[in-house]
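User: I am new to reading protein models. Can you take me through some features, one at a time?

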Amino acid sequence: MLGYFFKRVLLLIPKLLIISILIFIGLSFVPGDPIDHLIPPDQRAKLSPVQLETLRESLGLNEKLPVRYLRWISGVLKGDFGYSMVSGASIRVMIARRLPATLELAFFGLVIANILGLTLGYISSIKHNSIIDYTNTTLGIIGTSVPEFFLGLCCIAIFSLHLGWLPTGGRVAVGKETFFDRIEYLVLPVLCLAIGYIATLMRYTRGSMLDVLNKDYIKAARSKGISEFRVNCNHGLRNALIPVMIILVNRIPVLVSGAVIIENIFNYPGMGRMILDAISCSDIPVVMFSTMVIATMILVSSLLVDMLAALLDPRIRFN
Amino acid sequence: MNKDIVLSIDGLKTQFKVGKRIVHAVNDVSLSVKRGKTLGIVGESGCGKSVTAHSVVQLLPKTGNICKGTIKYSPEVGKEYVLSDYKRDSKEIRSIRGKHISMIFQDPLSSLDPVYTIGKQIEEILFEHEKISKNEARKRIIDLLAKLGIPKPEERYNHYPHQFSGGMKQRVMIAIAMVCNPKLLIADEPTTALDVTIQAQILSLMRDIQKDYGTSIILITHNMGIVAEACDEVAVMYMGRIVEYGPLEKVFNNPLHPYTSALLRSVPVLGIDKNTELRSIRGNTPDGSDVFQGCEFSPRCDQICQHCKDGHPPVRVVEEGHEVRCWLYEGSGGSDHK
Amino acid sequence: MNTKKTIKSSIAKRNIQKFYTNRLALFGLIVVAILIIMSLIAPFITPHDPNYVDSYKRLQAPSSEHWLGTDNAGRDLFARLVYGGRVSILVGIASALGASIIGVILGCIAGYFGGKVDAIILYFCETFVSFPSTILVLVMVGLVGRGLSNLIIIFCVTGWMGVARIVRSKIMSLREEPFVESCIANGISGISIMFRHLLPNTLGPVIVSITLATADFVLEESALSFLGIGVPPNVATWGNIINSAKSLDIFQNHPMLWVVPGLMISLFALSVNFFGDGLRDVLDVRQ
């Protein structure tokens, strides 16, 4: 198990390397002088052209590309992300402020989606071809067909504007900062984010369960005299979860994509909105570093789910 | 019920719903298994032999159900359970499954749950039916594994199915089936998926078990050779009906039904004259949903007579304990079964 | 030859029957067909120009002249929906086809040659999949700029992985079949085996995934256009129509302007998904 873990971590490194190179290339697209986003803007304003040239020399900007990359990446590893070209703020500080909000949104979305998706899929497969099953599958297709932003707009129109139950957007009211104050701001975004995920997860769980329930070892388990519920859970769901886990890994990026859209609709101050704002004013350094942080996050969480799958499946663990 | 009999099936009829059609998989099957003896059920695939066995413990898919007939099980003289009265997945039938009547399946590769150690999978059945401590269970399982010829049982106890070979997996399946000392073991094509040498090992293992524990066995197979080797009695099935039924020697030495003789002729025997034709049965097994006017075997039969299209032949007892279902034996001096 | 033909036609007949009995799939097919035909013959359906601004007719209620009313620039909403469908569906279908072509080629190469080639392609595939597509598209739009063809190209480049995986695994399993060996023994070249003997066998799953991808791309286009970074705002698409209804006044007081296009998008995606699911059942594609 530990060996498998290290192997997966090792495989992660070249992926991160590729991403960092892509980010580096993306940054070189920034028009104008790269020094603009490498040092704080107020400091830059004070510098004379001669001082700028020495600084450029010392930052290695006149070196060849590979050397520049190495210098840049070592800076990034130390947390030196440079500065926004628009506001001049430190990108690291910007990300540190926005990341927790996105993590909170994604985490609750994931938790709710998993609970509902797995349960509904399980019920559907147990009651295969019943009315419950048909309703679930039809709702599942509808859930994957309605665009998130439209769902979000409808929710705001109904629950916030018409009924006035929940706030239209934002993360927290001024002066109220505890988690419980934030819950009412989380309900709608989390729900809209989770719907598509629930639908997908439900469909895959159902399919995987139906597949497993046809296996010989299910019949063998029944022949042991254990109860139907235990056959379905301990042998059925336990095995069905393995492919579902793999789907889960593949869908994490989709969840993040959804978060970008949801954050914009609900005016939620997370990474997604930051990226979009940065794109609309061509603040490429902010775009690139936010992307890098998100990609790293996704890779790490994929690794965690992979580990979970390995825990569930001895065949992965031992190979 | 006769005190020598552990299981008796009388007039069993099992049907499946396939879409809107109803398929009669098993039709009017009656048979009995004697204590400590082996009954072979033989026939081509799709003849209803597995369905008959699965009906015994109500282990049918959701689309199938028993619609007629009784299945009686007697673990010991004087005790009797009517299995066909129990509801599917009811507590009563579950307490029979695994504890009194256990099963071995055709494909050991897919019959073991890949995510649990074999120790856990054997334990599961023990904990379900007996009050036993974890240590005791472990000891008993390791003893059983050793007895069944699995080397290093203490180590193997914690191994996963994918770490076993096919023959070893079937031994594990037998361990699961035997751990509660059942009175009846249903082996559904236990050797079909195995290599020939392993087949012989598994068959002799099953014989040893029968000797040691006095377990009765229903052996389902399509292989006449295995029947000859392992069974005391044999029931030949065709299209959901038993066409011939009797003690092994009688059926093999004096096959009455044309289908049985055809099956026996199609088995190659060592030392057979190379010029003797190895005969196959012409035609294919018909679809189970087709409704037949006469005897189901008549389209493929060599000895067809004028009665064959009239209706289903009744069961005839031709000699002591040897029954056949064929028009050829009408009026041949035997007596009516019913 | 004759029997082969009858067998083939009877399978086709059974499949059509199977499809026909699946009412949801049939419903999907009909709705998709209607929406596509409507957008194809748009000029015959509505006399209005979707981009004609008439400041005297702003935010009108539905009338016999303007079936769904007009938007905040006085443009006919129905005309914009029908013409918008043209662009949205075009983006969906073109991207799905383009991405599938890339996917099929890479999947074929990976599956047929195996080994190192396969490992490299699979690794790229995994890296691409582990990236959130919206953010990838956002970044690429940021780099290459907005535009209809840019968007389609970006979709193709970011959406090929699913098909590539399906084709790869299918070809890998087919490669082990004896008929490939007999092809090799008969001296048929690798490329010919790949494209003439193996590829046709993967057609079923590929068709299903093209269908389902069309719905996904239409959804993605509308989301990006809604965010203001998809198709340029002067072109009417379903997403852009909603985008222009973003002001609070319109959002609250003229819900027609965003609800109708939103329903349109949902209906199209839903129908394509129903149709694709039906196809999956008919072609017997396992997930």
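User: Among contacts in chain A between residues at least 6 apart in sequence, what percentage join residues at least 24 apart?

Analyst: This model is predicted, so keep that in mind throughout. In chain A, 71% of the contacts between residues at least 6 apart in sequence join residues at least 24 apart. In chain C, the corresponding value is 72%.

User: Which kinds of secondary structure do chains A and C have?

Analyst: Count the helices and the strands. Chain A comes to 13 helices and zero strands. Chain C has 14 helices and zero strands.

User: How much of chain A and of chain C is buried?

Analyst: Burial is judged by counting neighbours: 20 or more other C-beta atoms within 10 Å make a residue buried. In chain A, buried residues make up 41% of the 319 residues. In chain C, 44% of the 287 residues count as buried. As for extent, the C-alpha trace of chain A spans about 85 × 55 × 30 Å along its principal axes.

User: How many residues of chain A are in contact with chain C?

Analyst: On the chain A side there are 36 residues, and they touch 33 residues of chain C. Several helices give two or more residues to that side of chain A, including α1 (2-27), α6 (131-145) and α10 (228-265). The largest share, eight residues, comes from α12(A). By type, the side of chain A that touches chain C divides into 24 nonpolar, 10 polar and two charged residues.

User: Which residues touch the most other members of the largest nonpolar core?

Analyst: I275(A) and V218(C) do, in a core of 142 residues. The element that gives the most to this core is helix α8 (residues 179-213) of chain A, with 18 residues. Now look around V218(C). Leaving aside neighbours within four places in sequence, V218(C) is in contact with S88(C), I89(C), V91(C), G92(C), I265(C), F268(C) and A269(C). Apart from the largest core lies another, of 84 residues, with Y217(A), I71(B), V179(B) and C295(B) among them.

User: How do I read a single helix, such as α8 (residues 161-175) of chain C?

Analyst: Start with the general idea. An α-helix has 3.6 residues a turn, so residues three or four places apart point the same way. Now the case here. Helix α8 of chain C has 15 residues and reaches 21 Å from its first C-alpha to its last. That is close to the 21 Å expected at 1.5 Å a residue. Next, check burial. The buried residues of α8(C) include M161(C), V163(C), I166(C), R168(C) and I171(C). What covers the buried residues of α8(C) includes α4 (77-113), α5 (115-129), α10 (190-198) and α11 (203-227) of chain C.

User: And a strand? Is β9 (residues 233-238) of chain B mostly covered or uncovered?

Analyst: In a regular strand the side chains alternate between the two faces of the sheet. So check each face in turn. Strand β9 of chain B is mostly covered, with six of its six residues buried. On one side are E233(B), A235(B) and M237(B), and on the other V234(B), V236(B) and Y238(B).

User: Which strands pair with β9(B)?

Analyst: Strand β3 (residues 38-42) of chain B pairs with β9(B) in the parallel sense, over four bridges. Here V42(B) stands opposite V236(B). Strand β10 (residues 241-247) of chain B runs antiparallel to β9(B), and six bridges join them. In that pair, V234(B) stands opposite G246(B).

User: What is the sign of phi at M239(B), in the hairpin of β9(B) and β10(B)?

Analyst: Most residues other than glycine have a negative phi. M239(B) takes a positive phi near 50°, in a hairpin with two residues between the strands.

User: Where do K152(B) and E189(B) lie?

Analyst: K152(B) is in the loop between α5 (134-147) and α6 (153-156) of chain B. K152(B) has a positive phi of about 50° although it is not a glycine. K152(B) counts as exposed because it has 11 other C-beta atoms within 10 Å. E189(B) is in the loop between β7 (184-188) and α8 (196-213) of chain B. E189(B) also has a positive phi of about 50° and is not a glycine. With 19 C-beta neighbours inside 10 Å, E189(B) is partly exposed.

User: What is the mean pLDDT of chain B?

Analyst: The mean is 84, and 90% of the residues of chain B reach 70 or more. Over residues 334-338 of chain B, the pLDDT is below 50. Beyond near neighbours in sequence, that stretch has 11 contacts in the model.

Definitions and conventions:
Residues are numbered from 1 along each chain as its sequence is written. Chains are lettered from A and ligands numbered from 1 in the order in which they are written. This is a predicted model: local features need pLDDT of at least 70, side-chain atom pairs count only at pLDDT 80 or more; totals for chains, interfaces and linings use all residues. A residue is buried if 20 or more other C-beta atoms lie within 10 Å of its own, exposed if 12 or fewer, and partly exposed in between; C-beta atoms are placed from the backbone. Two strands pair if DSSP finds at least two bridges between them. The expected span of a helix is 1.5 Å times one less than its number of residues. Two residues are in contact if their C-beta atoms, placed from the backbone, lie within 7 Å. pLDDT is the predictor's confidence in each residue, from 0 to 100. Ala, Val, Leu, Ile, Met, Phe, Trp, Tyr, Cys and Pro count as nonpolar, Asp, Glu, Lys and Arg as charged, and the others, Gly among them, as polar. A nonpolar core is a set of buried Ala, Val, Leu, Ile, Met, Phe, Trp, Tyr and Cys residues joined through C-beta atoms within 7 Å.
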